[in-house]
Structure formats: C-alpha cells, structure tokens
2 protein chains.
Amino acid sequence: MKRPTLKDVARKAGTSPMTVSRVVNNKPGVSEETKARITKAIEELGYKPHSDARSLRVGKTCRIGVVVSDIRNPFYAEMVGDIEDLAEKVGMTVIVTDTERKLKQEQRALEALYNSGVDSIIIAPEGYNVEHLEAYKKNGINIVSFGVHCPEGHFSEVWIDEITGAKKVGAYLASRGIEKAILVMGNPRKFTTRGRTEGFIQGFGKDPNRILHLPVNWQSAYKAVIKLDKLPEAFFCYNDIMALGVIKALREKGAIPGEDVAVVGYDDVFFAELSALTTVRIDKTRMVNTAFSLALSDVVEKIKFVPELILRKSA
Amino acid sequence: MKRPTLKDVARKAGTSPMTVSRVVNNKPGVSEETKARITKAIEELGYKPHSDARSLRVGKTCRIGVVVSDIRNPFYAEMVGDIEDLAEKVGMTVIVTDTERKLKQEQRALEALYNSGVDSIIIAPEGYNVEHLEAYKKNGINIVSFGVHCPEGHFSEVWIDEITGAKKVGAYLASRGIEKAILVMGNPRKFTTRGRTEGFIQGFGKDPNRILHLPVNWQSAYKAVIKLDKLPEAFFCYNDIMALGVIKALREKGAIPGEDVAVVGYDDVFFAELSALTTVRIDKTRMVNTAFSLALSDVVEKIKFVPELILRKSA
DNA sequence: CTGAAAGCGCTAACAT
DNA sequence: ATGTTAGCGCTTTCAG
C-alpha cells in the first residue's frame, strides 16, 4: 500500500530506474518496445512521480506562492482563483497565505512561503518597505508585486494607478454638482489609501468634508455611517465591501443610495454589479495574467494598469 | 547567493550537520555551548530548513490539500481562510484546488493534490461516487469529506444535515401562510440540491410550484426570475449568491423582497447579513475546526451538523 | 539505446 | 554530547 517508486516500476518492467525516468519525462532515447513495457508497468502500479524528490534533485519546486491580505475578500478570492487557473495549465501548484487575519505581517507570510519552498511569489503588498521583498529576490525567488507601485524596488510589478482611478471618481462627483463628500478609507499608512485619497482630491478639486480611516470591512463602514449626524452628498469608499456597508447604513437611515446620496466603491467585485454599485474597475484578469507571466520569467518589468470608472445606479 | 544548507551551517559552526539538525529541530543532546554557536551560525547565514528534503526523508509533507468547487464563492473562500488559519498554527501549508472552473472534475483535482504531495485532503464533494475517495485513503492520504454525507464511505466526514435545514425553511414559509413557492436550485445530481429540495418539501408540506435547476451563480438566477411571467409568494434558493440574483431581479420588476415576495438563501455568507437576507446558517467555523482535526487524526468519524434558519428582512 | 554512480538536503539509527 | 553511515525518490552525468 506504499506509494510505488521509480524502482518499483523498473523492477516490474525489467529495466533500470533511469530508463523509467526517461519515459516519465518524455526524454528521447528509449526504444518503442521498452517504452511500451514501462508504460504498462506504470499503469498497473499506478505510479506517480514524487514531486518533492524531483524538486530536491532539480532545484525547482513548481510551486508559486501568493500573498494577499485576506482571501475572504472577493477581490483577492477572484485573484487567487485566476492564478490557480493559470497555474494548473502549466502544472504548477499554488500556495496562498493571507496576512490580515493570520500572519499579521508580510514578513512572516513571505518567510512561510520561502520555507515551504516556492519558485516565485506574487504579493499584493500593504504599506511598505521594499527591502524585505528584495531580500527574497536575492534568495533566488522571483517576486512580483501586485497592485502597489514602488519605483526603486528591484522586482517586477503590475501596479495600479490609484491616483488616476480615484481622480475619475472625484471629477465625476464634482461634475454632478456635489459639494460635500466623505471618504471611507482604510489605514492611512497603506499606499492604496493614500493614492485613492490623493487622486480623489485632485479630481474633486478640493478636500472632502471628512476622511474616515477605518478597518477594511463592511461593519466598520456601516457603524461609522450610522453614527453620522448629517449625511454628505456622496461617499467614496476604499472598496466595494465598505461601500455596501455604507449603503446598508444609508438604507436604515431612510436615505436612498443613488438618489439622496451617491456611493462609489472600488474593485468591481462580483457583487458590485449585483448591487448596482458605481465603482472603480481594475482589469484583474489581465493584471493577473501579466503578473503570472512575470512570476515565471526572469526579466524585471513594471507594468501600469489604469482603472476605469463604472457607473451604475448608486451614483 | 545559493540557499544555505545544513552543511554550510555545520562548517561555519565547526560541527557536523547532524548536530545542527538537532538544534534546528529542538532535539535534546546538544550542549548549551555548541547550541549557541550553531544558533549564531544559523542567524548569520540566514539558514532555513529545506522542507522538501525533510519531507523526503521523513515521509510527511506537512501539506494539506483542500478541494472546493469555486474559491470565488464566499462560502468556500471563508472555509479556506479558516483552514489556513488553523494550518498556520501547526506549521502546515495549504494547497487549494477548485474544480468548477479549472479542473472540472474532482478526480483531476485529487490527482493533482496527490502529485504535489499532501498528507491529507479536505474535500467538499459534489454529487458522488465514493470509490475514488477511498482509493486515496488507501494511498495513505487522509481524506475528510466536507458537507456531504455518504454513509458507506470509509473516510471521515463533517456533514450537513441538508434535509433538516431545508425543512425549517419550508415549515417557516408554510407557517407564514405562503402557498406558492419556487425553488432556485443547482444541478439536480448534486447531493446538496437533492437534500435541500427534499427537505423543503417535507417542511412545506407540499410540492413547490416550480423547481428551477440552474448553474450556480447569480446571473442565471437573475435571468430566470426576470423571465418569469408571474411571481410566486416565495423563493428558496440554493445559496445566498443566487438569492441575491433573485432579489436584484425582483427589485427591477418593482417587487419588494420581504414584503411582496419572500426570499430565502443558504450558507449565510458575509453579505447575507449585509443584505438582510434570510438564510440557512451553517456553523462553518466549528465545521472547519472539526474537519481539520479529523484531517490530522487517523480515526474515521462522521460528524453531523444541523443548520439553523436565520430570519432577516427578506422573508 | 541503456545503465551505474553520485548526490540534491535532510534525518533515523547506530556508533563513538 | 557529537559524529558517521546510509538512504528517502529522483535525475544528471558519464560510461557502456
């Protein structure tokens, strides 16, 4: 009942392990006849190559690590799903680590991935600190940063031009004659928070009434809006989830989102469309594809993606 | 720039690799003094154990595989997130595979996990076929089925009593005087579809007006409801996502969910609360905890979980 | 075309 | 308390 090995197959086929290895890896130099015998033995024993042993020998694991802040956030779930699709095609395995709830720090997540042996890592970093990323790069692990731009870092990136994206939101709201807006953002140390805030102000032409810095989940957004004495004309939220929290609160306060108050989200996750939420769309699929190719190549490239404003009923 | 090995550390500390190994694994039998020297060398070189090499030697990979139909479904994303939290605590690595979009078949997903070397697998199976699961069990891989009950299968399970759960929905709607209901379900070959349908009928006391068998996503539910000539008094949906699709369609038709038409979902994912959706709650956290322990133990147990009806505005 | 030898990094078992 | 030997399953290299 033990897992069969190359040797077992060799014995059964009456050859050496080496010849079996050649067959398994489609290497040339095996006569059709022995090949057939070996293939048959493989079938019968249900032999499958032992990938760890191979990795050890070859020095490549065919594993790719992904670091996201929370897999439960649909944006990241979709990203991970896309990466898995791509990985499957090229016979790689994906290992996901989330930092927000579990590891608390990217450092630990990266270390865990390094320890479990990955060839490359795609990471959606928080506010940062490049050095630790470059360290892994030097360890021979290919690093691709997803989302955040860090000009000095010597590793590949697919980054989002947050400023331009948020600017579109600000400009649109201003064009609708909106004067008073509240920003519902995340931690101000995050690059994303900063980019989205700054871009909004640029587009809006002036400061918003308030900027709330909250934990990134719908509950905190919901509570914050419930507590508000008077409502603004518009909310621009850090992501779609928080936007939904805002909408829930508005409804409970008797305000109709999209009529009384405009609400704009960010990410365009699947339920944004479902909820008729105006939001900023990132072309995730294309970004993921690019990130994945970069993860497998050894050139260093920094590729920019500009998000789009998607208008729906909520604004 | 190559990854340092035990040997490198040994050379640097002036000992044998074996002694270093003992220090790395906190094994007894090393004097404080050499231990200190070795620890220092480890620090300086930035040595990290090579887990594949260790796995090869020890025969355990400390990797756990998870098979779900779609990681993008929040129910599974939450499940995977919970598993990761648990795995991190015991120093294991999680490998996720989704079947719906990528591998199409559990068989292939399981094979992929087997090939990438996992100690155990937690699988949320679709309609099934036990044999292939038992095969892996025999290969020395511990299998835990998540969600579906399969009395004959010789592997552990944490299963959901779908019938009782759905019965509560049927009974509740009946008690509210509802006569005409439509079921928005998934593939009728799925165990879950069958259980939920049957349970509903038992609780409702009679057949629903219609049972729709649709692809499990909000779009299909939405379209189906849009096309409906006349609306029933209630919808019971396969999961929360489809329920939201129904709600979107109802709104567009000018019907108010929870007032004109009752809508009930299933799973209680995070946005069910957000959307005030009445739904059937599965105690996911407890289930995942149980599944995880079973995955690490070698007793075979089948543990039942009974879902609860959570009343919110939508019904 | 085929095989024997060596070794990837690690550790169990047995010395010393 | 420390070191030596052997070998996990595989593949690279070199020799037939």
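What follows is a short dialogue on reading the domains, the chain interface and the DNA contacts of a predicted model.

Me: Let's start with chain A alone. Which domains does the assignment give for chain A?

Reply: A good habit is to look at the residue ranges before anything else. Chain A is assigned domain 1 (6-49), domain 2 (58-160 + 284-306) and domain 3 (162-281). Notice that domain 2 is written as two segments, 58-160 and 284-306, with domain 3 given as 162-281.

Me: How far apart are the C-alpha centres of domain 2 and domain 3 of chain A, and how many residues are in contact?

Reply: Distance and contact are separate readings, and it helps to take them together. The C-alpha centres of these two domains of chain A are 28 Å apart. At their boundary, 14 residues of domain 2 of chain A touch 15 residues of domain 3 of chain A. Together the two domains bury about 1,100 Å², with 59% of that area on carbon and sulfur atoms.

Me: Which residues of domain 2 of chain A supply most to that buried area?

Reply: Here one asks how the area is shared out among residues. A:Pro74, A:Ile160 and A:Val306 provide 35% of what domain 2 of chain A buries against domain 3 of chain A, more than any other three residues.

Me: And what polar links are counted between domain 2 and domain 3 of chain A?

Reply: Count the salt bridges and the polar contacts separately. Between these domains of chain A there are zero salt bridges and two residue pairs in polar contact. On the domain 2 side, helix α5 (residues 74-89) of chain A gives the most, with three residues. By class, that side of domain 2 of chain A has six nonpolar, four polar and four charged residues.

Me: Now for the two protein chains. How many residues of chain A and chain B are in contact, and how much area do they bury?

Reply: The same readings carry over from domains to chains. In this model 48 residues of chain A are in contact with 49 residues of chain B. The two chains bury about 4,400 Å² between them, and 56% of this lies on carbon and sulfur atoms.

Me: How many salt bridges are counted between chain A and chain B?

Reply: The count is 10 salt bridges. One pair to look up in the viewer is B:Lys48 with A:Glu111, whose closest N and O atoms are 4.0 Å apart. There are also 11 residue pairs in polar contact across the interface of chain A and chain B.

Me: Which elements build the side of chain A that touches chain B?

Reply: It helps to map interface residues onto helices and strands. Those giving two or more residues are α4 (51-58), α5, β2 (93-98), α6 (99-103), α7 (106-115), α12 (240-252) and α13 (270-274) of chain A. α5(A) gives the most, with eight residues. The side of chain A that touches chain B is made up of 18 nonpolar, 11 polar and 19 charged residues.

Me: Let's turn to the DNA. Which residues are closest to DNA strand D?

Reply: Begin with the surrounding residues, then ask which part of the strand they meet. DNA strand D is surrounded by 25 residues, the closest being A:Leu6, A:Tyr47, A:Arg54, A:Arg57 and B:Arg57. Of the strand D atoms within 4 Å of the protein, 59% belong to sugar or phosphate and the rest to bases.

Me: Where do individual side chains meet phosphate or base atoms of DNA strand D?

Reply: A polar side-chain atom of A:Tyr47 is 2.4 Å from a phosphate oxygen of DNA strand D. For the bases, a polar side-chain atom of A:Arg57 is 2.5 Å from a base oxygen of the strand, and a side-chain N or O atom of B:Arg22 is 2.9 Å from a base nitrogen. α4(A) supplies the largest share of the surface near DNA strand D, four residues.

Me: And which residues are closest to DNA strand C?

Reply: Read strand C in the order used for strand D. DNA strand C has 25 residues around it, and A:Arg22, A:Arg57, B:Leu6, B:Tyr47 and B:Arg57 are the closest. Its phosphate oxygens lie 2.7 Å from a side-chain N or O atom of A:Thr19 and 2.4 Å from one of B:Tyr47. A backbone N or O atom of A:Ser16 is 3.1 Å from a phosphate oxygen of DNA strand C. For this strand, the largest share of the nearby surface, four residues, comes from α4(B).

Conventions: Residues are numbered from 1 along each chain as its sequence is written. Chains are lettered from A and ligands numbered from 1 in the order in which they are written. This is a predicted model: local features need pLDDT of at least 70, side-chain atom pairs count only at pLDDT 80 or more; totals for chains, interfaces and linings use all residues. Side-chain values use heavy atoms; hydrogens and water are left out. Domain bounds come from an automatic or database domain assignment. Contact means heavy atoms within 4.5 Å. Buried area is the accessible area (1.4 Å probe) that two parts lose on being put together, summed over both. A salt bridge is a side-chain nitrogen of Lys or Arg within 4 Å of a carboxyl oxygen of Asp or Glu. A polar contact is a pair of N or O atoms within 3.5 Å; within protein, one must be able to donate a hydrogen and the other to accept it, and residues adjacent in sequence count only if both atoms are side-chain atoms. Ala, Val, Leu, Ile, Met, Phe, Trp, Tyr, Cys and Pro count as nonpolar, Asp, Glu, Lys and Arg as charged, and the others, Gly among them, as polar. A residue is near a molecule or strand if one of its heavy atoms lies within 4 Å of it.
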